[in-house]
Amino acid sequence: MSSSRSTVVDTSAQPLKTYPQAWLALFLLVVLRTAISVFQFTYSVVPSVTSEFFHISLTAVNWLANVQSLMYVLMSFFTGWLFQRLGVKRSLILAGSLNLLGSGIRSIASQINPPSYILTMIGQVIGSSAAPLALNIMTAFAATWFTEDMRATAGVFVASNYGGILGMFMVPNIVTSVATLPKVIHIVSGIAGVAFIPLIFMPSKPPTPPSLVQANSENTPSFFMGIRMLTKNYNFWILFLVHGFNVGLSIAFGSIFTQVISPYGYTDAQAGQMNAVAFFAGTLGCSVAGPVLDATKQHKLFLRLIAPMVFITDIAFIFMVQKDSYAAILFVLSMNQFFLSFLVPVVIELGSETSYPVADATTSSIMWQGCQVFGFLIILVMDLLRDPNGVPANNMYRALILQAGLGGLMMLLSFTFRGRMLRSEAILKLKVLNEEEKPPAISTETDLEDITSIHNYHL
C-alpha cells in the first residue's frame, strides 16, 4: 500500500464471532509449537549421552542449542514480512516443513556409522528456523481467528511451552544409554510429521473477520512503513526492553540454573526436578494471564503489578540459593516463573495496542527477537561472573546480583510506560462510525489523535 494514499475503511456490519474452526486452528498451532519445542530439547537435556554418541565435547553439544538462538534472531528479521506476505496458514506450513526437514536430517545423521555431528548441525539449523515462525505469529494468529475479548486467551496457548514440559520428561526417560538416543531422535521426527500434515488442511481464515480492526486489515501499513512508524514510538521500545529483560533473564537463568545451584551440593537430578516444576508454574502463569486480561482489559495495571513481583523473586534468589535449601529454591523458582510468564502476554498485547495500526506480526517478531538477543548476551555475562575462587568454588553469586539488577531495571521501565491503547480506541471509533448512515473516510496515515476525544465523550 502506498504511503501517500488514504483509503476508506469499510465499516459495514460484520458478524463478529469466534468460529469453531478457530479452536481447531489453535490446536494445530499448539501441536506444531510442541513438536518444535521437543525438537529443541532433544540433545540439551541429555548432554553427556549426546557427547558420547557423537564423540564430541560438551561445548560442541552446547552449540547444538546455541545455534537455535542464533537462528531465532536471524529468522526474526524476516518473520514480520513473511507473515504479511504469506498469511497465517502458509507461514505455519513453512514452519512445519522446516521442522520436519530438520528432524529428518537428524534422523539420517544418527543412522550413519559413525553418527555425523556435522549433518546433525545442519538439521539443527534448518529445524531451528521453524521456531520464530511458530512463536512470533502469536498475535497475528489471535487477531486473524479470535474476537477482541479472546485474543489474550488464544495467545497464551501459543506462548505456553508444552513441548518443553514434554521434552523434559520424555527425553531423559527414553535416553538411558547411547544406544537409545537414535530412538528418541526418530520419535521426534515422527512428532514433527504428525504436527505438519494437518496444517495442509487447516482453514486459511474464518468465514468472516472476528473484529472490526481485522475487517479493515487492508488498511494495515506495509511492513517497511510499519517499521518506520515504530522507530518514532518510544513507548513501544519501552515494552521492547521490558520484554527483552523479562524473557531474556528467563532464558539465561534457565540455561545456567544447574551451574547456579550445583556448587551448593545439588545434583543434576534435583535441578531437573526444579526445572520441571518451574515449567508447570510458568505455563500456569501464562494460562491465568490470558483470561484475566480478556476479562478486565487492564493491561497497564498488570504491567505495573507483576513487574515488581518478578523483581522481588529475583532478589530472593540471592539469599535463597544456599546449601540444604531445596524447598526454598523450588518455591522462589516457581513464583519467578509464574510471574514472568504472566507478564509475557501482558507486554505482547500492550505492544500490539500501543503500536496500532502497525501489523501485529511486525511488533511481535521484533519483541521476540529482542528477548533472544538479550538472553544470549546475559548468558555470556553471567558466565564471566562465575567465581572459581569463591566459597563455594565456582559459585554464581555475582550473576544472581546481576539478575536482580536487571530485574529492577525492568520494573522501573514498566512504570515509565505511557502508551495509549490505540487498537482498542480504533475499535471504539469504528463502532461509532458504524452507527452513522454515511461513515467518513479514515486515513491510514492518521495518528488517531481524535480517537481519545471520542472515547472520553462516550464515557
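A residue is called buried when its relative accessible area is under 20%, exposed when that area is over 50%, and partly exposed in between. By this standard Arg-386 is partly exposed, because its relative accessible area is 21%. The structure discussed here is a predicted model, and the same terms serve throughout the account that follows.

The overall fold may be taken before its details. The protein contains 19 helices and zero strands. Of its 459 residues, 56% count as buried. The accessible surface amounts to about 19200 Å², and carbon and sulfur atoms account for 66% of that area. When contacts between residues at least 6 apart in sequence are considered, 84% of them join residues at least 24 apart.

Arg-386 leads directly to the charged pairs. Side chains of opposite charge can pair when their charged atoms come close. The structure holds three salt bridges. In one of them, Arg-386 is paired with Asp-383, and the closest N and O atoms lie 2.4 Å apart. Asp-383 has a relative accessibility of 41% and therefore counts as partly exposed, as does its partner Arg-386 at 21%.

Another salt bridge joins Glu-425 to Arg-420, with 2.8 Å between the closest N and O atoms. Here the acidic residue is covered: Glu-425 is buried, because its relative accessibility is 11%. Arg-420, with a value of 24%, is partly exposed. A similar description applies to the pair formed by Asp-294 and Lys-297, whose closest N and O atoms are 3.9 Å apart; the cut-off for a salt bridge is 4 Å, so this pair falls within it. Asp-294 counts as buried because its relative accessibility is 9%, whereas Lys-297 is partly exposed at 36%.

Asp-383 also belongs to a helix that carries a nonpolar feature on the surface. Helix 16 comprises residues 360-384, and Val-373 is found in it. Together with Leu-377, Leu-380 and Val-381, Val-373 makes a nonpolar surface patch of about 310 Å². An α-helix has 3.6 residues a turn, so residues three or four places apart point the same way. The relative accessibility of Val-373 is 32%, and the residue is therefore partly exposed.

Gly-375 provides a link to another part of the chain. The C-alpha atoms of Gly-254 and Gly-375 are 9.9 Å apart in space, although the two residues are separated by 121 places in sequence. Gly-254 is located in helix 12, which covers residues 234-261. Because its relative accessible area is 39%, Gly-254 counts as partly exposed.

Helix 12 also takes part in enclosing empty space. Rolling a probe the size of a water molecule over the atoms shows where empty space is left. A search of the whole structure finds two cavities of 30 Å³ or more, and the largest holds about 60 Å³. The lining of this largest cavity consists of Asn-246, Leu-249, Ser-250, Phe-253, Val-310, Asp-314, Asn-336, Gln-337, Leu-340 and Gln-403. Two or more of the lining residues come from each of helix 12, helix 14 (299-320) and helix 15 (326-354). Helix 12 gives the most, with four residues.

Attention now turns to covered segments earlier in the chain. Asn-136 occupies the loop between helix 5 (130-135) and helix 6 (138-145). Its relative accessibility is 0%, and Asn-136 therefore counts as buried. Beyond its neighbours within four places in sequence, Asn-136 is in contact with Tyr-72, Ser-76, Thr-79, Phe-83, Ala-361, Ser-364, Ser-365 and Trp-368. Helix 6, which follows this loop, is mostly covered, eight of its eight residues being buried. Among them are Met-138, Phe-141 and Trp-145.

A loop with a more open residue completes the picture. Val-178 lies between helix 8 (162-174) and helix 9 (181-196). Its relative accessibility is 25%, so Val-178 counts as partly exposed. Leaving aside neighbours within four places in sequence, Val-178 is in contact with Val-49, Glu-52 and Phe-53. Of these, Glu-52 is 126 residues away from Val-178 in sequence, yet the C-alpha atoms of the two residues are 7.0 Å apart in space.

Definitions and conventions: Residues are numbered from 1 along each chain as its sequence is written. This is a predicted model: local features need pLDDT of at least 70, side-chain atom pairs count only at pLDDT 80 or more; totals for chains, interfaces and linings use all residues. Side-chain values use heavy atoms; hydrogens and water are left out. Patches are made of residues with over 30% relative accessible area and no salt bridge: like charges are joined within 9 Å, nonpolar side chains (Val, Leu, Ile, Met, Phe, Trp, Tyr) within 5 Å. Accessible areas come from the Shrake-Rupley method with a 1.4 Å probe; for residues, only the protein chains shown count as cover. A salt bridge is a side-chain nitrogen of Lys or Arg within 4 Å of a carboxyl oxygen of Asp or Glu. Buried means under 20% relative accessible area, exposed over 50%, partly exposed in between (1.4 Å probe, protein chains only). Contact means heavy atoms within 4.5 Å. On a 1 Å grid over the protein atoms alone, a cavity is a set of points where a 1.4 Å probe fits but cannot get out, and a pocket is an open set with protein on both sides within 12 Å along at least five of seven lines; lining residues have an atom within 4 Å of a point. Grid points are joined across faces, edges and corners, and a volume is the space filled by probe spheres set on the points.
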